Amino acid sequence: MSRLEFLFADSLGEGIVHAFTTRSGGVSEGPYASLNLTWSRGDDKDHVSENRARVARALGVTRLVFANQVHADTVLKADGPPEGWSVGEGDALITNQSGFALCTQVADCVPVLLHDPVNHAIAAIHSGWRSTVKNITARTIEAMGEVYGSRAENLRAAIGPAISKANYRVGPEVLEAFEGLFGTLDEPLIGPKDAEGGAGLDVAEAVYRQLLSAGVAQDRISRIRACTFADEDRFFSSRRAARDGHAGQFGGQCGIIALKQPAGSGG
């Protein structure tokens, strides 16, 4: 049996536990092998539940908490674990409660974790290209400010593994949407345009710039640059599943963050 493998960021500071999961260490089979953490793509729910339980035990949290992600910009506040797995429909979760972990599910999209060490609040964000155009990262920072008093300059941020520009060709309509955000798109954001006007797009780079624009300090942002499409042994990928003839049947990894419980609180 393969062992759990987590990736960690060096920017999030103390007082939290976090991880970016990989494919290793689960019980799922076929296109979901092995540590699939999402059941929205047809995997056996018992397998997914076991995978989630293994991750929770390894990280020392009581529960993993999710959102029903819809590629929008809704930010959900989690005051405690829901009765089921999901807090509701949205693409970002925030909390200032300890013990349970916020999860963002991805399989090429950009996972973002935020930590406010001053007000002891956290966030997990799912930023695909549509949510990036809607600037869900800035909306999440605004929500943390409104609810918890968080200030962008105090935040620490981590961008997890996502599909790279080299493997993420988008059409001209997507590029136009990003031009509306960033103006003329420069080389770090896109590759050379093809005959149809499309190009490779680095959504994680766009998210990084949005963090900076929102006021997060550059030295408090880390980015894990692994490509989910290219590294088949370690990551699930929606684009790779389509290329390989099983579009819609693929697993998902997660960015996970939780506040540590205060000493002496039990649990």
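Good morning. Glu14, Gly15, Asn96, Ser98, His115, Pro117, His120, Leu259, Lys260, Gln261 and Pro262 line the second largest pocket. I should say at once that the structure before you is a predicted model. The space in this second largest pocket comes to about 150 Å³. By class, its lining residues divide into 3 nonpolar, 6 polar and 2 charged.

Let me turn to the largest pocket. Its volume is about 610 Å³. A total of 30 residues line this pocket, and those closest to its centre are Arg41, Gln69, His71, Gln105 and His126. Which elements each supply at least two residues of the lining? They are strand 3, covering 63-68, strand 7, covering 100-106, strand 9, covering 121-127, and helix 2, covering 129-133. The largest share belongs to strand 3, with 3 residues. Sorted by class, the lining of the largest pocket holds 13 nonpolar, 13 polar and 4 charged residues.

I move now to the pairing of strands, with strand 10 as the point of reference. Strand 10 spans residues 156-159, and it pairs with strand 8, residues 110-116, in the antiparallel sense over 4 bridges. Within this pairing, Leu114 stands opposite Ala157 of strand 10. Strand 10 is also joined to strand 13, residues 221-223, by 3 bridges, and these two strands run parallel. Here the bridge partner of Ala157 is Ile221 in strand 13. Ala157 therefore has a partner in strand 8 and another in strand 13, where two strands pair if at least two bridges are found between them.

My last topic is helix 5. This helix runs over residues 203-214, 12 residues in total. From its first C-alpha to its last it reaches 16 Å, close to the 16 Å expected at 1.5 Å a residue. Is helix 5 mostly covered or mostly uncovered? It is mostly covered, with 9 of its 12 residues buried. The buried residues are Val203, Ala204, Glu205, Ala206, Val207, Tyr208, Arg209, Gln210 and Leu211.

Both ends of the helix deserve a remark. At the N-terminal end, Asp202 acts as a cap, with a side-chain oxygen 3.2 Å from the backbone nitrogen of Ala204. Ala204 is itself among the buried residues of helix 5. Just after the helix, Gly215 takes a positive phi of about 110 degrees.

To close, I would draw your attention again to the two pockets, of about 610 Å³ and about 150 Å³, and to helix 5 with its cap at Asp202. Thank you.

Definitions and conventions: Residues numbered from 1 in each chain as written. Predicted model: local features only at pLDDT ≥ 70, side-chain atom pairs only at ≥ 80, totals over all residues. Heavy atoms only, no water. Expected span 1.5 Å × (residues − 1). Buried < 20%, exposed > 50% of the residue type's maximum accessible area, 1.4 Å probe, protein only. Polar contact = N/O pair within 3.5 Å; in protein donor to acceptor, adjacent residues only side chain to side chain. 1 Å grid on protein atoms, 1.4 Å probe; cavity = no way out; pocket = protein on both sides within 12 Å on 5 of 7 lines; lining within 4 Å. Points joined across faces, edges and corners; volume = space filled by probe spheres on them. Nonpolar A, V, L, I, M, F, W, Y, C, P; charged D, E, K, R; others polar.
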